[in-house]
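Grab a coffee and work through these exercises with the model open beside you. Each one has a task, followed by a solution in steps.

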Amino acid sequence: MSRRRQIYEGKAKILYEGPEPGTIIQYFKDDATAFNAEKRGTINGKGVINNRISEHVFTRLAHLGIPTHFIRRLNMREQLVRQVEIIPLEVVVRNVAAGSISKRLGIEEGEMLPHTLIEYYLKDDALGDPLVSEEHIAAFNWAGHEEMQDIAAMAIRINDFMCGMFAAIDIRLVDFKLEFGRIFDGDFSRVILADEISPDNCRLWDFNTGEKLDKDRFRRDLGGEAEAYQEVAKRLGLLQKEDDNSPGEVLDMDAHRSRLRQPVPKPKK
Ligand code: 5GP
């Protein structure tokens, strides 16, 4: 198996050079961090589940016409994605008050917000990802005006879709974080959804019991985080196959490239 070049190691994922130009392999780890990496731990099997949940969500979003970096899942812990230039913003969508907005503004956790809020945070660990305004984003050119319009429109559509998807399995989508990136085509660039969508970056509460089914179980030392992630995957219908709990694999580049050389089957009429 040929060696792969690691491009970047983040808190929950490792990025490797992909088998084709313009592609990246995203490897999902079990590592969990919180409070700007002050708290560290592992959640057994998290990487496998997040890979599967994120594949599920990104595939459905693509069906709605949301452009995403996701190409396909390769194995238990890896997915092939398009290489993007990451826009240095964390885009947080909130339906219900929780977490930092409750702390900052003194709004009780669980209170429905008057309407969905979109917030932007600068992706900068050294600064602790500070909240920024659209004026900051324009002034420091972190994203252009049209890019911000596209990002806000996509964030609202993603929220509408995900609220429905989770409500159908008795889960309230409290809030979540998105990341976007640019892809280039000559002189033009386009914004697409990147990163992942999983219980690592969403707040998911059981509709009936209020039980937290997301990373807050880890952040707040509630225990049962692996079971909570599994519960989300199970309700989404993603944990039926036995092999979904087996250890992760990595992509064999040579085998992958030889499969790519095989002719593509003709589409069915
Ligand atoms: P808060 O600002 O309340 O801490 O987070 C709002 C939402 O965005 C939560 O669903 C949280 O999981 C997600 N979020 C915000 N920042 C990060 C981050 O740096 N990493 C991850 N994984 N999620 C984040």
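Before you start, one cut-off: a residue counts as buried under 20% relative accessible area, as exposed over 50%, and as partly exposed in between. Keep in mind that this is a predicted model.

**Exercise 1. Two neighbours in a loop**

Task: Find where Ala37 sits, and decide whether Ala37 is buried or exposed.

Solution:
- Start with the place: Ala37 belongs to the loop between β4 and β5.
- Next, the accessibility: its relative accessible area is 18%, under the 20% cut-off, so Ala37 is buried.
- Now try Asn36, which is in the loop between β4 (31-34) and β5 (39-42) too. At 38% relative accessible area, Asn36 is partly exposed.
- Finally, check the backbone. Most residues other than glycine have a negative phi. Ala37 has a positive phi of about 70°, and Asn36 has a positive one near 55°.

**Exercise 2. Helix lengths**

Task: Work out what span helix α1 should have, and compare that with its end C-alpha atoms.

Solution:
- Count the residues: α1 covers residues 46-63, which makes 18.
- Use 1.5 Å times one less than the number of residues. That gives an expected 26 Å for α1, and the end C-alpha atoms are 26 Å apart, so the two agree.
- Repeat for α4, residues 145-167: its 23 residues should span 33 Å, and its ends are 33 Å apart, which agrees again.
- Look at the cover: 14 of the 18 residues of α1 are buried. In α4 the buried residues include Glu147, Met148, Ile151 and Phe166.
- Just past the end of α1, Gly65 takes a positive phi of about 95°.

**Exercise 3. Rings and charges**

Task: Classify the one aromatic pair in the structure.

Solution:
- You need two values, the distance of the centres and the angle of the planes.
- The structure holds one aromatic pair. Its rings belong to Phe140 and Trp142, with centres 5.2 Å apart and planes at 35°.
- Planes under 30 degrees apart would be stacked and over 60 edge-to-face, so this pair is tilted.
- Phe140 itself is exposed, at 53% relative accessible area.
- Then hunt for charges over rings. The charged end of Arg4 is over the ring of Tyr16, 4.2 Å from the centre, and Lys39 lies over the face of Phe218 at 4.8 Å from the ring centre.

**Exercise 4. The largest pocket**

Task: What lines the largest pocket, and which residues are closest to its centre?

Solution:
- First the space: the largest pocket holds about 1,700 Å³.
- Then the centre: out of 49 lining residues, Lys11, Glu90, Asp129, Lys177 and Glu179 are the closest to it.
- Sort the lining by type, and you get 23 charged, 16 nonpolar and ten polar residues.
- Follow Lys177 onwards: its C-alpha is 7.9 Å from that of Ile197, with their positions 20 residues apart in sequence.
- Ile197 is in the loop between β13 (188-194) and β14 (202-206), and is buried at 1% relative accessible area.

**Exercise 5. One more isoleucine**

Task: Where is Ile86, and how far is its C-alpha from that of Ile183?

Solution:
- Ile86 is in strand β8 (residues 85-86), and at 35% relative accessibility counts as partly exposed.
- Ile86 and Ile183 are 97 residues apart along the chain, while their C-alpha atoms are separated by 9.2 Å.

Note on methods. Residues numbered from 1 in each chain as written. Predicted model: local features only at pLDDT ≥ 70, side-chain atom pairs only at ≥ 80, totals over all residues. Heavy atoms only, no water. Phe/Tyr/Trp six-rings, centres within 6.5 Å; stacked < 30°, edge-to-face > 60°. Buried < 20%, exposed > 50% of the residue type's maximum accessible area, 1.4 Å probe, protein only. Lys NZ or Arg CZ within 6 Å of the ring centre and 35° of its normal. 1 Å grid on protein atoms, 1.4 Å probe; cavity = no way out; pocket = protein on both sides within 12 Å on 5 of 7 lines; lining within 4 Å. Points joined across faces, edges and corners; volume = space filled by probe spheres on them. Nonpolar A, V, L, I, M, F, W, Y, C, P; charged D, E, K, R; others polar. Helix = DSSP H or I, 4+ residues; strand = E, 2+ residues; numbered from the N terminus.
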